[in-house]
Amino acid sequence: MPSRRFTRPRAAAVVVAAAALLLAACTSGGTSPGQESAEPVAGGTLTYASGDAEPSCLDPHVGGNYPQALIATQYLESLVSLDEDGEVVPWLATEWSESDDGMAWEFRLRDDVTFTDGTPFDAEAVAANIAHVQDPATASSTGYLALAKIQEVVAVEDHLVRLELSAPDSALLESLSQVWVAMESPKALERSQEENCAAPVGTGPFVVDRWDRQESVTLVRNDGYTSPPADVEVPEGATLPYLDGIVWRFIPDSASRYAALQSGEVQVIDNAQPDTIVSAGDDQAIVELDAPRPGASNRIELNSGKAPFDDERVREAFIRSVDVEAGIESLFFGTAERSYSPLSSVEPLGLSEPDLFTVDTDAAARLLDEAGWTERDDEGYRVKAGERLTLDFPVSTNQSIPAEQSLFEQVQADAKTAGFEVRLHPLDLSSWYGALAENDYDLVSAPYTKVGPDVLRILYHSDSITPAPSGYFANLAQVDDPELDDLLTRAAATSRDDERASLYEQAQRIILDGSYILPLYDQQNHFLHSSSVHGLRAMPTVSTPTFAGAWLAS
Amino acid sequence: MPGTRRWLLLRAGGVLFVLWASATITFFALRLVPGDPAEAILGGPGSQAGPEALEQVRREYGLDRPLAVQYLTYLGRLVSGDLGQSYSLHKPVATAIGEQLGATLTLAVCALALAWVLACALAAWSVRGGRVAWAIGSGLELVAAAVPHFWLATVLILLFSTTLGILPPVSVPGPLGVVLPALTLAVPLAGFLGQVMRESLLTAMESPFVTTARARGESEVRIFWRHTLRHAAIPAVGLSGWAFGSLISGAVVVEAVFARQGLGRSLLSAVQLRDVTLVTGIVLVVALAYTVMTLVTDVADRLVDPRTRAVAR
């Protein structure tokens with residue numbers, strides 16, 4: 001028998017403690033809905049909950065993905081912005097001009113802006129930023145591509161900067177509007193990458209105060225804020241921003257995120273899922289902000305670089321046999337609209353061709369017969385020379401939301417009726433990249449966010465079939481068409497708007513007519529916020545929300 | 001006691017072996033999975049890296065060298081106590097772990113305590129309640145032990161936050177924030193502990209010392225707390241090492257659902273980002289804690305119970 005020394009059961013004490021804890025919990029109340037008021041109210045701290053992965057670096061020059069863009073929009077600003085019609089408007093640059101040969105651009109800069117560390121914003125600062133993005137040590141990906149054609153930056157005067165290009169670039173202004181190439185304090189950029197990643201310094205309405213990893217980033221008001229983009233109207237007598245600060249949280253689980261919004265723990269959430277949006281529709285205290293991302297639409301790419309999709313008839317047969325429309329309706333509950341374009345609906349130059357995507361199973365069967373897939377095996381799949389008509393479809397579970405993954409399952413079922421065996425492979429991000437690098441796919445869906453139609457060149461020019469050393473390439477449909485290449489190259493170089501529009505239209509027609517892609521919908525970007533939040537808007541550039549003019553009803 | 005010293009040395013060697021094995025297995029397992037770490041380092045979703053940037057990253061992190069060289073370099077650094085640099089966090093692994101360890105330990109300790117409270121409370125109730133209560137108790141334990149964390153977490157959030165509005169659905173500073181996450185981890189663990197206890201509870205209740213106590217006129221409640229529970233708890237206490245391990249694996253889910261800081265969440269994102277140094281760092285810390293806890297329980301057992309000493313020899 002063990003020792004006879006006996007202490008009073010400690011468990012009892014723990015029971016009491018637990019009960020006390022529960023009681024304490026009961027006394028904390030919920031929040032009451034705020035009073036509606038038309039006049040902006042200054043003050044208050046807002047909590048934002050992001051469902052995206054926590055960035056590994058708060059400086060969007062480094063790497064350059066959407067989660068970084070979301071938060072960096074609150075403290076960094078760009079040379080130019082876009083208004084709601086997609087027109088380029090002044091921001092940190094007040095005016096600009098392109099040389100006749102398109103090889104140089106001059107930007108006149110605002111002379112009354114300072115970074116939040118006191119460093120003045122000037123031509124040297126622009127040069128330092130472009131150099132930072134282009135420095136391989138920065139490891140920029142998105143920003144690096146956006147500025148690829150800039151060869152030299154010359155500080156002509158204190159507040160006049162000239163960008164010299166290696167080739168004319170009709171997308172330069174759109175590229176510069178993106179937060180991935182926003183302006184940071186040159187003095188702050190001289191710090192180590194570790195330091196700069198933890199607290200980048202910009203000119204924006206908020207300042208990064210502290211970052212508790214996996215908990216939150218605390219942003220505080222920039223008291224000296226003077227530089228909203230030109231399309232923002234500041235009410236007389238008001239100074240932006242209204243909020244004292246933002247607590248930026250990371251809540252990866254979609255149900256918890258919504259529960260946190262409902263309970264008033266947070267006021268704004270992103271990545272709202274279709275079922276949540278519908279359920280929020282019944283809630284008076286919750287408002288939706290739908291901000292489709294620019295660049296490419298979400299689409300399924302058909303790998304034309306290898307059998308069986310190297311045969312255009314097989315591609316068309318696939319597209320004609322799947323009823324995407326019905327799937328979107330039933331799985332997205334009306335929160336996503338079907339797209340028929342390679343470009344997002346927010347791109348003014350997008351070309352939409354609904355007729356090419358009507359379901360026609362008879363036509364599909366005829367096309368497959370013509371292509372030699374005449375027999376069927378005992379499971380009902382089409383067969384040619386003893387080979388089953390099989391399509392591999394790696395699905396990135398990081399990038400495809402559950403509703404989209406279900407949609408792919410419906411595509412799989414529809415395609416089966418037509419005789420295609422679609423094999424879905426749910427993969428984590430790195431494995432998914434790996435499958436693409438190995439050319440181990442026939443179907444794939446990959447998002448691509450970029451301002452402007454130049455995204456078509458990145459996605460469908462044959463240059464993008466050549467894999468980078470990593471094996472990654474953006475032309476996942478492996479479209480290899482000299483005529484298309486020519487159109488895209490000329491569109492990127494022209495300085496005439498009408499010519500640019502016409503070239504991009506022809507380019508999109510080739511992509512759509514060639515059955516290379518099956519457009520689904522815009523890149524979904526739904527935000528839900530408490531009705532106490534006012535003045536929240538999405539930037540017309542990359543559709544990230546900005547809190548510069550946001551205020552909380554008291 | 002030369003036997004004890006030899007035993008301790010053997011056990012310490014075992015600890016080192018477990019640490020080496022976990023570092024090695026983790027290192028190679030992450031490299032066997034397809035995918036390019038350099039691509040992941042450069043931002044992941046929605047960003048496509050240029051060739052120069054990728055080359056730079058590979059050079060900087062030594063990813064361009066042969067795998068064997070990378071492994072040996074890594075082991076060499078580990079031996080000198082350097083856990084390396086996390087490329088997904090842009091900071092030393094030791095710092096990254098240090099920032100998150102406290103939150104996970106708090107959660108694990110609270111959950112363990114809560115699990116004991118729940119298991120004992122259920123046992124106490126069902127022992128008093130006769131045959132029906134006994135059946136209900138053991139049924140509840142079975143269900144509790146089988147409940148998956150993610151499901152339980154969602155149900156608890158729906159109940160306590162969305163419907164009743166008394167507890168925050170995501171972690172908040174202070175003790176309130178830990179209640180739901182700890183409860184989520186505690187319920188399945190309580191099920192396991194309860195099941196283990198119930199067996200020995202049964203034997204203890206039929207033991208002569210219980211009969212003696214009854215003969216002395218002690219109440220059933222008193223007999224339970226003073227005699228049978230103590231007897232029944234011994235095997236469950238021995239499970240503490242295992243329980244700790246299970247709590248850490250549960251933390252991966254729970255920390256994500258409740259948006260709590262912690263090593264579980266670090267581990268999840270590190271695996272997704274192929275951050276080999278961070279993953280191995282976390283695995284090492286967890287393995288160390290696990291083996292040390294097992295060692296401590298064994299030593300305690302040996303000191304308390306002479307029977308185990310005889311067996312160990």
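Colleague: Why are A:Trp105, A:Phe107 and A:Leu109 of strand β5 (residues 104-109) in chain A called buried?

Modeller: Buried means that 20 or more other C-beta atoms lie within 10 Å of a residue's own (exposed is 12 or fewer, partly exposed in between; C-beta atoms are placed from the backbone), so these three meet that cut-off. They point to one face of the strand, while A:Ala104, A:Glu106 and A:Arg108 point to the other and are not buried. This is a predicted model, where local features need pLDDT of at least 70 and side-chain atom pairs 80 or more, while totals for chains, interfaces and linings use all residues. Residues are numbered from 1 along each chain as its sequence is written, with chains lettered from A and ligands numbered from 1 in the order written.

Colleague: How do you know that β5(A) pairs with strand β4 (residues 93-98) of chain A?

Modeller: Pairing takes at least two DSSP bridges, and 5 join these antiparallel strands, so they pair. One partnership is A:Ala93 with A:Leu109. Another 5 bridges join β5(A) to strand β7 (residues 160-165) of chain A, also antiparallel, where A:Glu106 stands opposite A:Arg162.

Colleague: Over in chain B, which residues is B:Leu247 in contact with beyond its sequence neighbours?

Modeller: Leaving aside those within four places, B:Ala108, B:Ala111, B:Leu112, B:Leu185 and B:Leu189; contact means C-beta atoms, placed from the backbone, within 7 Å.

Colleague: How many residues of domain 1 of chain B are in contact with domain 2 of chain B?

Modeller: There are 20, facing 18 residues of domain 2. α1(B) gives the most to that side of domain 1, with 7 residues.

Note on methods. Contact = placed C-beta atoms within 7 Å. Helix = DSSP H or I, 4+ residues; strand = E, 2+ residues; numbered from the N terminus.
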